[in-house]
Amino acid sequence: MIDVQLTYPRLFSEGAGMLAIKLQVPEKQLVAVVGASGSGKTTLLRLLAGLEKPQSGAITVQGQTWLDTAARISLPPQKRSIGFVFQDSALFPNMTVLENIRFAAAGSPLISSLIESVGLQPFIHQKPDKLSGGQRQRVALARALVRRPQVLLLDEPFAALDESSGAELRQTLLHLHQAWGTTTLLVSHHADDVRTLADRVIRLEYGKIISDVPVPLKTASQEIIRTLTFDHDTQTWVIGTDTTLLRSSNPVWGQYKPGDVFPLPA
Amino acid sequence: MHTPIDWEPIRVTFWLTLRLAGITTLLLLLTGIPLAGWLAISRFRLKPAIEALISLPIVLPPSVVGFYLLLAFSPTSAFGNWLLQTFDIQLVFSFNGLVIASLLYSLPFMVHPIQAGLENLPVSWREAAYTLGQSPVKTVWKVLLPNCKPAILTGVVLSFAHTIGEFGLVLMIGGNLPGQTRVASIAIYDEVEQLHFETAHAYAGLLLGLSFAILVLVYSINKRVTI
């Protein structure tokens, strides 16, 4: 569980104000953070990452205190178990794809499987300037995940991508989220991101959460749920169909049973 | 008055000048890079004061810097006396003194371009490295510095050229001892004073040619320096 309570004065699109966020995110949930430009979405991610210091507040992640202004605790970004994907990828131009990922976790046994998962095997010795926007974001995603962070923070990762690259990256992200179940906050402008990826959507306006709703799963195909179990170790539902096996922390799966029609996010 | 040119003192003087500029630049590279890296990422409260201190030689007349260093290096001062008693080093009118004075005087010419180069890189590179668990030192060393090679080259060239061109400071600290502290800029002044215009021409022409060659080299390399 991530428990966040923050206040931070800043300039919003509506003018100067106070970002005041109170939020709880269960483990393995993928939360989409939406809202107009300048509503405080990116600031929220940066505060979680420790890239900005709030005026007051506390952040605990799985029982560990990352921030507690009252107790003068503020872990630097290096000490917070996070993966951060920036809008501009922030890949290091002097390093190849492989070196970028190794920089995060040299010698990690996950490197090769992650590279395969994001489909970058043919490009591992290329420098970032030789990659397309979509490929760069996939490298950034692999680099952010290679240390197995407790929290993945994605700051509009699809914003600069064309439609097909965006759709591909969404699939990659969905696949990795289902496989690894990393608790994720995704800042996005794009309705597709919310529909395809999120378990829950919070909407910000002028630095406050004005709505917080689970994403309804709508029946969009005739695939049948073949197996449905709850994995107590990872606190996730494991759902099997004829074509896929996925994990989800969305409690809505408790309402389903084997033999039901598999619901897809619409 | 026509005086035949004696090339031996010119060779000695140029060798001394190049040695001073080379050693100063090398030492500045070793000290300037960490200093510029720290200044580029630090939020230390007294950073403006430190930046001002580093930049002082740009605005102060060289003779002012030279005067204070002369006082500090003098064996009659506490520092100069300590150096003499402890290490048997006398910095006034010595090559070592020239190197130290040049280090202080050319420091901003090494630090400023590198600091500016580092500060112009996208902030997200540094932040990404931090979120990947890397320390500020490793971030500067592995990510930021390799991506601002042209700025480092500019710092090297400016420091080297500035050290070659020093006059007032060198005169105050080193005087005019042939083979020890007599650098090319002082030799030109000295030769003109004695109306040895041909020799002054030789020094000046060589300095001009050398400076031009360095700049051509830098511009050619800078075009080829890619990340």
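Student: In chain B, what share of the contacts with a separation of 6 or more comes from residues 24 or more positions apart?

Tutor: It's 76% in chain B. Keep in mind that this is a predicted model.

Student: Okay. And what does the secondary structure of chain B come to?

Tutor: Chain B has eleven helices and zero strands, so reading along the sequence you just get α-α-α-α-α-α-α-α-α-α-α. Its C-alpha trace spans about 70 × 45 × 30 Å along the principal axes, and of its 227 residues, 37% are buried.

Student: Where does UniProt place the feature "transmembrane region" in chain B?

Tutor: The unreviewed UniProt entry puts that feature at residues 20-41, 53-71, 91-111, 151-173 and 200-221 of chain B. Now hold two of those stretches against the model. Residues 53-71 of chain B are 89% helix and 0% strand, with the end C-alpha atoms 18 Å apart. For residues 91-111 of chain B, the figures are 81% helix, 0% strand and 24 Å from end to end, C-alpha to C-alpha.

Student: Let's turn to sheets. How do strands of a sheet pair in general?

Tutor: They pair through backbone hydrogen bonds, and the pairing is either parallel or antiparallel. Here, chain A has an open sheet of five strands in the order β2-β1-β4-β5-β6, with antiparallel pairing.

Student: Which strands stand at the edges?

Tutor: β2 (15-25) and β6 (73-74) of chain A do; each has a single partner strand, so one side of each is left without a neighbour in the sheet. Strand β5 (residues 64-68) of chain A is joined to β6(A) by two bridges, and you'll find Asp68(A) opposite Ile73(A) in β6(A).

Student: Which helix packs on the sheet?

Tutor: Helix α1 (residues 41-49) of chain A, which touches β1 (2-12), β2 and β4 (56-61) of chain A. The direction of α1(A) makes about 125° with that of β1(A).

Student: What about the contact between the chains: how many residues does each one give?

Tutor: As a general idea, the size of an interface is often given as the accessible area lost when the parts come together. You can also count residues: here the contact takes 16 from chain B and 16 from chain A. On the chain B side, α6 (123-131) and α7 (136-144) are the elements that give two or more residues, and α6(B) gives the most, with six. That side of chain B divides into eight nonpolar, six polar and two charged residues.

Student: And the largest nonpolar core: how many residues does it have?

Tutor: It has 109 residues, and those with the most contacts inside it include Val31(A), Leu153(A) and Ile173(B). Helix α5 (residues 95-119) of chain B supplies the largest share, nine residues. Take Leu153(A) as an example: setting aside residues up to four places away in sequence, it touches Leu45(A), Leu48(A), Ala49(A), Ile82(A), Gly83(A), Phe84(A) and Leu185(A).

Student: Is Arg136(A) buried or exposed?

Tutor: Buried, because 23 other C-beta atoms lie within 10 Å, and the cut-off is 20 or more. Arg136(A) sits in helix α4 (residues 133-145) of chain A. Apart from neighbours within four places in sequence, Arg136(A) contacts Ser89(A), Leu91(A), Pro128(A) and Leu131(A).

Student: Then where is the place of Asn147(B)?

Tutor: In the loop between α7 and α8 (149-165) of chain B. Asn147(B) counts as buried because it has 20 other C-beta atoms within 10 Å. Leu118(B) is 29 residues from Asn147(B) in sequence, but their C-alpha atoms are 8.2 Å apart in space.

Conventions
Residues numbered from 1 in each chain as written. Chains lettered and ligands numbered in written order. Predicted model: local features only at pLDDT ≥ 70, side-chain atom pairs only at ≥ 80, totals over all residues. Core = buried A, V, L, I, M, F, W, Y, C linked by C-beta atoms within 7 Å. Buried ≥ 20, exposed ≤ 12 C-beta atoms within 10 Å, placed from the backbone. Helix = DSSP H or I, 4+ residues; strand = E, 2+ residues; numbered from the N terminus. Contact = placed C-beta atoms within 7 Å. UniProt positions renumbered as here; feature names shortened; annotations may be inferred. Nonpolar A, V, L, I, M, F, W, Y, C, P; charged D, E, K, R; others polar. Pairing = 2+ DSSP bridges. Axes fitted to C-alpha atoms, helices over the stretch in contact; angles between N-to-C directions.
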